[in-house]
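This report covers a ligand site and the division of a chain into domains. The sequence and the structure are shown first.

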Amino acid sequence: MLQLGPLTLRNRLVMAPMSGITNLPFRRIAKRMGAGLVVTEMISAVGLTRRNKKTCRYLQTHPEERPLSVQIFGSEPAIMAEAARMAVGAGADLVDINMGCPARKVVKTGAGGALLRSPGRIGDIITAVRAICPVPLTVKIRAGWSPGGPSATLIARIAEDCGADAVILHPRWVSQGFSGRADWDIIAHVKSRVRIPVIGNGDVRSPFQALAMREQTGCDGVMIGRAAIGNPWIFQQTLDLEQAREPKAPAIHERKEIISIHFSLLMDLAGEERAARIMRGLLMWYTKGLPFGNRFRAAFTGIEDLPTMTAAVDAYFSCLEDTSRGLPGACPRENADRALFAALIQEHVGP
Ligand SMILES: Cc1cc2nc3c(=O)[nH]c(=O)nc-3n(C[C@H](O)[C@H](O)[C@H](O)COP(=O)(O)O)c2cc1C
């Protein structure tokens with residue numbers, strides 16, 4: 001369990017906010033797979049306060065994903081406070097402030113990672129949001145803008161003094177983008193200097209690494225991002241490992257089931273055309289490392305419509321099931337779906 005202000009999470013695992021990825025269906029899947037907390041993609045405070053329709057859609061939620069953290073980004077204290085008020089009104093159980101995004105279009109407005117150069121502004125924003133925010137407030141920071149600038153420890157202490165309930169720390173410099181590696185020693189250092197919980201984040205790729213991060217840094221919670229894309233099982237596997245149970249790889253039928261649930265949640269949210277577009281990207285991840293994955297992905301890139309997509313996925317997983325049961329031939333042709341997969345492969349990548 002993890003205590004964030006008055007809120008008790010069921011465990012210490014948090015799904016990272018990822019723009020373009022952690023939409024509502026993704027968060028619901030992560031929650032089903034054991035994440036203790038999920039976070040929305042970062043949402044523009046300016047867009048929210050201007051009642052921009054597309055921006056406001058990011059606030060859509062579902063009871064299954066609660067408790068939900070809504071992440072906002074911006075640079076003006078009053079606008080951030082108003083955006084936080086709207087997020088809480090829309091059902092946020094926590095509000096998180098993005099203070100780490102390195103994307104140029106965000107940084108040039110003074111938001112995201114740019115804030116780490118301005119400790120005074122950070123204090124103003126957290127104070128303003130805290131004043132109107134009745135739910136737990138967290139801030140997600142990086143190691144700093146660049147070495148030699150204001151440190152993560154300084155920023156975390158400001159956050160604590162201004163009333164934040166926890167700090168989430170991804171210990172790369174903003175100037176680093178995603179290159180190099182996350183320096184977990186910085187998490188340990190920040191943890192030793194503040195009283196509020198510290199959630200560590202960065203380069204956790206397996207359940208073993210999730211546990212290692214806690215052991216090495218003493219952090220209170222672990223946030224997992226990229227490793228959960230196409231692999232939401234990582235949450236349950238980490239919980240298993242925590243309980244000294246062997247983390248189990250999902251069976252083929254379990255993978256297929258989650259993919260089809262993901263598909264249908266996306267269709268409900270976004271309609272057939274957009275769901276197909278998003279799912280095409282996700283399937284690249286869901287099939288990563290699986291047998292014939294390369295051939296399936298190559299075959300799949302040419303498919304536009306949802307019925308063919310669904311048939312190809314069925315065909316692929318039938319092949320995998322046959323293979324795992326030791327049936328001869330990876331792609332037997334005796335039924336239409338399997339033949340479709342085989343034909344797709346032939347059409348796109350040759351025999
Ligand atoms: C595609 C993508 C989108 C991201 N979008 C956000 C975002 O909206 N807000 C945020 O705070 N961090 C964002 N991040 C950073 C992640 O939350 C996380 O800090 C980073 O990926 C390091 O964790 P990981 O090594 O477990 O992936 C994003 C990362 C990726 C790869």
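How far does a backbone N or O atom of Pro17 lie from an oxygen atom of the ligand, and what is that distance in Å? The answer is 2.8 Å. The model is predicted, and the values below are computed from it.

## Polar contacts of the ligand

Besides the Pro17 backbone, which approaches a ligand oxygen at 2.8 Å, the backbone of Ser19 takes part: one of its polar atoms is 2.7 Å from a nitrogen atom of the ligand. A side chain contributes as well, with an N or O atom of Gln71 at 2.8 Å from an oxygen atom of the ligand.

On its own, the ligand has 610 Å² of accessible area, and the protein covers 86% of that area.

## Surroundings and pocket

The ligand is surrounded by 16 residues. Pro17, Ser19, Asn201, Asp203 and Arg226 are the closest of them. Sorted by class, this shell holds 6 nonpolar, 7 polar and 3 charged residues.

Where does the ligand sit with respect to the pockets? The space it takes is the largest pocket.

## Domains

Two domains are assigned along the chain: domain 1 spans 2-242 and domain 2 spans 252-349. Their C-alpha centres are 33 Å apart.

How many residues of each domain are in contact with the other? On the side of domain 1 there are 13, and these meet 12 residues of domain 2.

Definitions and conventions:
Residues numbered from 1 in each chain as written. Predicted model: local features only at pLDDT ≥ 70, side-chain atom pairs only at ≥ 80, totals over all residues. Heavy atoms only, no water. Near = heavy atom within 4 Å. Polar contact = N/O pair within 3.5 Å; in protein donor to acceptor, adjacent residues only side chain to side chain. Areas by Shrake-Rupley, 256 points an atom, 1.4 Å probe, with all protein chains shown as cover. 1 Å grid on protein atoms, 1.4 Å probe; cavity = no way out; pocket = protein on both sides within 12 Å on 5 of 7 lines; lining within 4 Å. Sits in = over half its atoms within 2 Å of the grid points. Nonpolar A, V, L, I, M, F, W, Y, C, P; charged D, E, K, R; others polar. Domains from an automatic or database assignment. Contact = heavy atoms within 4.5 Å.
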